[in-house]
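Colleague: I'm new to this one. Can you walk me through it?
Modeller: Sure, have a look first.

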Amino acid sequence: MKMATFGLSSIKRLIQKSIWNFFWDNFQLPQVDLDELCLTNTQEYPLITEQICMPPYAGDASLKDFSFLILLVKKRNPAIVLELGTGYGTTVANICTVCDAKVYTVNALAENLAEHTEGSRITYMLTKDEIGYVYRKNGYADRVVQIFESTRNINILDWIEPKSVEFAIIDACHDAEFVVNDFLKILPSLSDDAIVLFHDTNPSLKGHFVDSYIGCMYLRKLGYNVKYLKESSWGILLSENSTYRFSTLLKVKNAVHTVIGILLFRNRDKFIQIIRWLASGFMQGKLDHMETV
Ligand SMILES: C[S@@+](CC[C@H](N)C(=O)[O-])C[C@H]1O[C@@H](n2cnc3c(N)ncnc32)[C@H](O)[C@@H]1O
């Protein structure tokens, strides 16, 4: 009996390890730097810092999220921006300061973010008055469409024309399956030359960085060419280059990996959650500060 139990748990461990190793070995994010995006970090920021929740002003001070965001917005000079996760609206306020874009921004009301149904990595639970407070205070309300919906359920084309968004920021719930959901939800609204940024994505996988990084890896598994912007916690995807080719062998192996995952774990969200959980187990000891779930 003991032998049978030992055998079963070894097999389970072997399957888990194979699922994780295939995922980790094939879908880590390639890294790009500012040079490759034809950008130079010359200017001094910040502009509006009230309630800012972005490095280096909040979180890891060695990361340059805020200045890279502003550089990218200025370079792209978008007519339409879409942000998932408004928070207090500091990023929207800064975008409105550096370009003339119309901004659509989505944030669920606190009462709609009941923790267990709406993910666990939620930075703020805000009231209607708190959401977007900073961009309103700075006089940008007339350029912003505030959408009070959960990204889980949103049909973005109810709000925005297809293929019209030129710059998008995914910064709502950071659970890995939400990051995947959020990108797929906004996909029909993206223009052919859009830039998409995924916040809290960093290959150190330290603390809260693990979730969005695993979500972006899953998007690579689906064929989307998400990369990591060095010295920041941004994942980045350029629509003009949004997919990449798998070798035939990788295509077949990836299909088998997906079928096994979905069969064992019922659906895509559960499969992503399991991969997130496997990350904690199998990366333990290899990375500093790795969290367990
Ligand atoms: C990190 S904050 C956004 C910060 C903002 N982008 C900025 O830079 O100022 C994330 C926001 O997403 C919201 N949020 C979390 N889960 C969400 C969901 N499923 N749908 C919509 N909003 C969500 C939270 O209420 C929170 O205000």
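Modeller: Keep in mind that this is a predicted model. Let's begin with helix H5 (residues 176-186) and helix H8 (residues 268-283), whose axes come within 8 Å and cross at roughly 135°.

Colleague: What do you call that arrangement of H5 and H8?
Modeller: At roughly 135°, H5 and H8 are oblique to each other, because the angle lies outside the ranges for roughly parallel, antiparallel or perpendicular.

Colleague: Which residues meet there in H5 and H8?
Modeller: From H5 you have Ala-176, Glu-177 and Val-180, and they meet Asp-269, Ile-272, Gln-273 and Arg-276 of H8. By type, the contact has three nonpolar residues, three charged and one polar.

Colleague: OK, new topic. What order do the strands of the sheet follow?
Modeller: The sheet is open, with eight strands in the order S1-S7-S8-S6-S5-S2-S3-S4, and its pairing is mixed. Strand S1 (31-32) and strand S4 (144-147) are at the edges with a single partner strand each, so one side of each has no neighbour in the sheet.

Colleague: And S2 with S3, parallel or antiparallel?
Modeller: Parallel: S2 (residues 80-84) and S3 (residues 102-106) are joined over five bridges. One of the details is that Val-81 has Val-103 in S3 as its bridge partner.

Colleague: Which helix packs on the sheet around there?
Modeller: Helix H3 (residues 90-98), which touches S2, S3, S4 and strand S5 (165-170). The direction of H3 makes about 170° with that of S3.

Colleague: Last thing: which residues come nearest to the ligand?
Modeller: Gly-85, Gly-87, Thr-91, Ala-108 and Cys-173, out of 25 residues around the ligand. That shell divides into twelve nonpolar, nine polar and four charged residues.

Methods. Residues are numbered from 1 along each chain as its sequence is written. This is a predicted model: local features need pLDDT of at least 70, side-chain atom pairs count only at pLDDT 80 or more; totals for chains, interfaces and linings use all residues. Two strands pair if DSSP finds at least two bridges between them. Helices (H or I, at least four residues) and strands (E, at least two) are DSSP runs, numbered from the N terminus. Two residues are in contact if their C-beta atoms, placed from the backbone, lie within 7 Å. Axes are lines fitted to C-alpha atoms, for helices over the stretch in contact, and angles run from 0 to 180 degrees between N-to-C directions. A residue is near a molecule or strand if its C-beta atom, placed from the backbone, lies within 6 Å of it. Ala, Val, Leu, Ile, Met, Phe, Trp, Tyr, Cys and Pro count as nonpolar, Asp, Glu, Lys and Arg as charged, and the others, Gly among them, as polar. Angles under 35 degrees count as roughly parallel, over 145 as roughly antiparallel, 65 to 115 as roughly perpendicular and the rest as oblique.
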